[in-house]
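Me: Please take a close look at one salt-bridged site in this model and describe the residues that form it. After that, set the site in the context of the rest of the chain.

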Amino acid sequence: MTTSDVMDAETSPEHIERLKENLEKVEQLSKRLVDVMASKKPHHPGLDAPNHELFARAATSYWASMLENPAKMLEHQIEYWGKSVLNFAEAQQVLTGHVEEERDAAPKDGRFSNPMWDKNPYFRFIKQQYLTNAEAIRDAVEEADDLNPVDKQRLSYFADQIIHMMAPTNFLPTNPDALERALETEGQSLIKGLENLVADLEANDGELIVRLADDTAFEVGRNLATTPGEVVFRNRMMEVIQYRPTTDTVHETPIILFPPWINKFYILDLKAQNSLIKWVTEQGYTLFVVSWVNPDASYADVGLEDYIEEGFLTAIDEVKKICKVKQVNAVGYCIAGTTLSLTLSLMKQRGDKSVKSATFFTALTDFGDQGEFTPFLQNDFVDAIEEQIGDDGLLPSYIMARTFSFLRANDLVYAPAIRSYMMGETPPAFDLLYWNGDGANLPGKMAIQYLRGLCQSNDFVNDGFEILGHKLHVRDVDVPLMAVTCETDHIARWKDCYRGVQQMGSRSKTFIVSQSGHIAGIVNPPSRNKYGHYTNDDLKGDAEAWMEGATFNEGSWWPRWEAWLKKRSGKQVPAREPGDSQHPPLAAAPGSYVRKVARS
């Protein structure tokens, strides 16, 4: 149904009555919603204190109090929804529809794609006033000369969060798409939306975490993470999966891939068409992948030293035993790439030459520039995180998920919330978004080591990161290496990754910048021919000089990596079936650890 159809829609007394009946159901659901929020488990107030101090400098006390009492705000908002929809419906009875269309010359904001933002004077005024207010807030922050650069960056971030939150599209009375849908469905969209909201709150112990994907559409092991393999080793930290060969012979040197433990490993095995895991086996390699445990409170005292000793070093040792080789090629993605570099420094100091080459996917080692994470890496915020962890020894998965989401709030928070809660839509059946919501808790000790020692102090680059009786330093990473980064990555920015690679001690370094972001730039199969990549062998200058001299290459970087890896993978040997007499298969891939749901 088009906008004009809605504007001319029948608004008979019968139609209005049915709408009123459904809005009464909305009010009933709102009471249930408030009950759910009232039963929410308390979290540590310290997490909010740094934010509120800065909010007060960019917004009125009304909005600060609203953030303190979201249940009351929602109750008032839902009551207002009903009145607003009725007002909108009744207005159709007198609206002539003879409104001249005006269009803005300004670039189009996707949130304002409905024609009514241009054609209807009411919505046009609201949009223009919102954009004016947003500009005024940003200008005020920019002109705050009495702040140091860090506080100014933090204030800018939180001011933007207020701007995003106050967009007229986030409120039913000023969202024409939602109003139209409510009329079309006689209020059923609002009923379904509130049911979605209540379901999300109940599923997360009262925490409002917007469901991004239809979780009934996917099941790990059924239509995700289906590449054949076997768990051949298990300890308290990980399961090691060996994938079945797809070629008659394989390269002698096996690959062991360490994914990040903030989310599950199967981002690299979503489906056959984009599975890096499947593709690697098809190129004739023996591939092992670590599936990390999703920690509970018993892991509170687990630190980076445990991930290194019981994870990285143990996995490398077991793979060497299974394949009867002296060396492996190792791959680390994101935080696992950071930890792989720590492990390589430790191995260098111990004289252990078990790693023949290392590949880093979007891995930071130099944290000198904190980028968009600056607001979250100051002492007051990390102090609050540490106090939160102190309650049960874990950093709950939703805290990390929320942090990453609010870095892209319009795309990952507000747009999904509008679709689900105002429009009453079922979240899409999108495998990547399903994975994104399948988070993991972090052991408290490890999280603080990472935040304090690496992110804040940058010890790995500065004076050395003390762990396991050693002072680890980035210059100790001296094996042949390839680093793959992503052009629009806001989590591990390519320029920061480049700076870390420059300081590594290896004489053989290959650096690549893939188009796209933290996930799409890595999960970029050759068959799609979607994103290209930049290469440049000269790593002597800064990041800008590297990019200025780089060559753009069409297509995926995967084949380039495989050609590099082939030179470091030895002769061909008969294909290896998973495990051996000392490592009998324990379970079919994707194993049991990946199925454990995150709970705080």
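Reply: Asp366 is buried, since its relative accessible area is 5%, below the 20% limit for that class. The model is a predicted one. The partner of Asp366 is Arg499, and the closest N and O atoms of this salt bridge are 3.1 Å apart. The two residues come from distant parts of the chain, 133 residues apart: Asp366 sits in the loop between strand S7 (355–361) and helix H14 (379–392), and Arg499 in helix H19 (residues 494–503). Arg499 counts as partly exposed because its relative accessibility is 27%. The bridge therefore joins a buried acid to a partly exposed base. Asp366 and Arg499 do not stand alone: salt bridges with shared partners join them with Asp369, Arg493 and Asp496 into one network. Side chains of opposite charge can pair when their charged atoms come close.

The loop that carries Asp366 has another residue to note. Thr362 also lies between S7 and H14, and its phi is positive, about 40 degrees, although Thr362 is not a glycine. Most residues other than glycine have a negative phi. With a relative accessibility of 0%, Thr362 counts as buried.

H14, which follows this loop, is among the elements against which the buried residues of H18 pack. The others listed are H12, helix H13 (335–350), strand S8 (394–395), strand S9 (442–443) and strand S10 (465–467). Helix H18 (residues 444–456) is largely enclosed by the rest of the structure, because ten of its 13 residues are buried. Among them are Met446, Ile448, Leu451 and Leu454, along with Gln449 and Tyr450. Just after H18, Asn458 has a positive phi of about 55 degrees.

H12, one of the packing partners of H18, takes part in a salt bridge of its own. Asp306 pairs with Arg236, with 3.4 Å between the closest N and O atoms. Asp306 is in helix H12 (residues 304–323), whereas Arg236 is in the loop between strand S1 (229–234) and strand S2 (238–243), so that the pair links distant parts of the chain, 70 residues apart. Asp306 counts as buried at 14% relative accessibility, and Arg236 as partly exposed at 36%. Beyond H12, in the loop that leads to strand S6 (328–333), is Lys324. Lys324 has a positive phi of about 55 degrees and is not a glycine. Lys324 is exposed, as its relative accessible area is 66%, whereas Thr362 is buried.

A local salt bridge offers a contrast to these links between distant parts. Lys278 and Glu282 meet through their side chains at 2.3 Å, N to O. Because they are four residues apart in helix H11 (residues 276–282), about one helical turn separates them. Lys278 is partly exposed at 29% relative accessibility, and Glu282 is partly exposed at 36%. In total, the structure holds 31 salt bridges.

Helix packing is seen elsewhere in the chain. The axes of helix H7 (residues 121–142) and helix H8 (residues 149–165) are 10 Å apart, at an angle of about 170 degrees. H7 is therefore roughly antiparallel to H8. The contact has seven nonpolar, two polar and four charged residues. On the H7 side they include Tyr130, Ile137 and Val141, and on the H8 side Leu155, Ala159 and Ile163.

One peptide bond also deserves mention. Ala589 and Pro590 are joined by a cis peptide bond, with omega about 10 degrees. Pro590 is in the segment after strand S17 (587–588).

For the chain as a whole, there are 21 helices and 17 strands. Of its 600 residues, 56% count as buried. Among contacts between residues at least 6 apart in sequence, 81% join residues at least 24 apart. The average pLDDT is 85, and 84% of the residues score at least 70. Two stretches stay under 50: residues 44–67, for which the model has 34 contacts beyond four places in sequence, and residues 96–102, for which the model has eight such contacts.

Note on methods. Residues numbered from 1 in each chain as written. Predicted model: local features only at pLDDT ≥ 70, side-chain atom pairs only at ≥ 80, totals over all residues. Heavy atoms only, no water. pLDDT = per-residue confidence, 0-100. Contact = heavy atoms within 4.5 Å. Salt bridge = Lys/Arg side-chain N within 4 Å of Asp/Glu carboxyl O. Buried < 20%, exposed > 50% of the residue type's maximum accessible area, 1.4 Å probe, protein only. Axes fitted to C-alpha atoms, helices over the stretch in contact; angles between N-to-C directions. Parallel < 35°, antiparallel > 145°, perpendicular 65-115°, else oblique. Nonpolar A, V, L, I, M, F, W, Y, C, P; charged D, E, K, R; others polar.
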